[in-house]
Amino acid sequence: MTTGTPSSPGTTASGAARPGGPGLIAGRTVSRVGYGAMQLERVREGRAAAVALVRRAVELGVDHIDTAQFYGDGLSNEVLREALRPEDDVLVVSKVGATPDPGGPRPLRLAQRPEELRASVEDNLKSLGVERVPVVNLRRTDIGPGIRAEGDQVVGLDDQLAVMTAMRDEGKIGAIGLSSVSANVLRRAMPAGIACVQNSYSLIAREDEEILALCAEQGIAWVPYFPLGSAFPGFPKVTDEPAVLAAAQSLGRSPSQVGLAWLLHHSPNVLLIPGTADTGHLEANVAAGAVALDDATLAALDAVPSRSQDVPLG
């Protein structure tokens, strides 16, 4: 976990070069290519292999890891607790707004009420084994693919921010982020101090350009989820686009690397957290930080049409 001691701009605490170069989140310098821990539960070989995967990420220069208590019902957090050392100086970012629901129709359910947000932060503190989570994202349901809030899960932003800022004042949270929010919600939340925004965003889903530009203007990190297109069946994928395939062939890179590299080139406040359960994929994702795209290639990629992925799942 992070010790709170900033790493140098060019290298991480382990001395590794920063994949994608340096970026900023919550006033902290991190590598622009990080890691999303959601898929750690899919590491088939078990806990030791999951720990080894995280250790490999740190060796490769990753020092920004995204997680949540509801990933694997706490498993991802427990793996991070075992794998990360204070001297790694890794910034761990978690999120609240949902909770595990192993016996339900989906592995998680919404938990948007203030008392649920507080309970989720406490669960994260326990499973991560820390006294403070450096950044916690409030995962709302305003936009993007996913479950929509109903009934008592429809909670006003002000009530949610009140408990988030209270926990920040108490020292349980270092900084507050937002996820799945509109530009209007972000503007309303900004007086509370917002460190990052996580929205569904990729080369083929660019509806949030206004929000991205607002974040860049305000020094807020933009951390896209579904960076290669939605994981839901039937949705388009970045890696199927002819322009992406052509660029990959020309550069001798994979289509996934081209899709990730486009995001890094698109705006300087973009931080990536691609997830994987495979070491080879991890290494390829990190290597995407070194992919250079010339003006002609960027123009061809920019011309790819954007399609809406704002689809509720119930």
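Reasons behind the labels in a predicted model

Me: Why does Trp-262 count as buried?
Reply: In this predicted model, Trp-262 has a relative accessibility of 1%. Buried means under 20%, so Trp-262 counts as buried.

Me: How do you know whether Tyr-201 is buried or exposed?
Reply: Its relative accessible area decides the label. For Tyr-201 the value is 1%, and the limit for buried is under 20%, so Tyr-201 is buried.

Me: What kind of pair do the rings of Tyr-201 and Trp-262 form, and why?
Reply: Their centres are 6.4 Å apart, and rings pair if the centres lie within 6.5 Å. The planes are at 25°, and planes under 30 degrees apart count as stacked. The pair is therefore stacked.

Me: Which parts of the chain does that pair link?
Reply: Distant ones, with the two residues 61 residues apart. Tyr-201 is in the loop between strand 10 and helix 6, while Trp-262 is in helix 8. Ring pairs also bring in Trp-222, giving a cluster of Tyr-201, Trp-222 and Trp-262.

Me: Why is the pair of Phe-70 and Tyr-71 called edge-to-face?
Reply: The planes of these rings are at 85°, and over 60 counts as edge-to-face. Their centres lie 5.4 Å apart, which satisfies the limit of within 6.5 Å. Both Phe-70 and Tyr-71 are buried. A search of the whole structure finds 4 aromatic pairs.

Me: What makes helix 2 oblique to helix 3?
Reply: Helix 2 (residues 75-83) and helix 3 (residues 114-128) pack at about 40°, with axes 8 Å apart. Roughly parallel needs an angle under 35 degrees, and roughly perpendicular begins at 65. The angle fits neither, so helix 2 is oblique to helix 3.

Me: Which residues make this contact?
Reply: Helix 2 supplies Asn-77, Glu-78, Leu-80 and Arg-81, and helix 3 supplies Asn-124, Lys-126, Ser-127 and Leu-128. They divide into 2 nonpolar, 3 polar and 3 charged.

Me: Why is strand 9 said to be largely enclosed by the rest of the structure?
Reply: Strand 9 covers residues 173-179, and 6 of its 7 residues are buried, so the description follows. Strand 9 runs parallel to strand 8, joined by 6 bridges.

Me: Is Ser-180, in the loop between strand 9 and helix 5, buried or exposed?
Reply: Its relative accessibility is 0%. That is under 20%, so Ser-180 counts as buried.

Me: Why does Asp-73 count as partly exposed?
Reply: Asp-73 has 43% relative accessibility. Buried needs under 20% and exposed needs over 50%, so Asp-73 counts as partly exposed.

Conventions:
Residues are numbered from 1 along each chain as its sequence is written. This is a predicted model: local features need pLDDT of at least 70, side-chain atom pairs count only at pLDDT 80 or more; totals for chains, interfaces and linings use all residues. Side-chain values use heavy atoms; hydrogens and water are left out. Axes are lines fitted to C-alpha atoms, for helices over the stretch in contact, and angles run from 0 to 180 degrees between N-to-C directions. Helices (H or I, at least four residues) and strands (E, at least two) are DSSP runs, numbered from the N terminus. Angles under 35 degrees count as roughly parallel, over 145 as roughly antiparallel, 65 to 115 as roughly perpendicular and the rest as oblique. Contact means heavy atoms within 4.5 Å. Ala, Val, Leu, Ile, Met, Phe, Trp, Tyr, Cys and Pro count as nonpolar, Asp, Glu, Lys and Arg as charged, and the others, Gly among them, as polar. Rings of Phe, Tyr and Trp (its six-membered ring) pair if their centres lie within 6.5 Å; planes under 30 degrees apart count as stacked, over 60 as edge-to-face and the rest as tilted. Buried means under 20% relative accessible area, exposed over 50%, partly exposed in between (1.4 Å probe, protein chains only). Two strands pair if DSSP finds at least two bridges between them.
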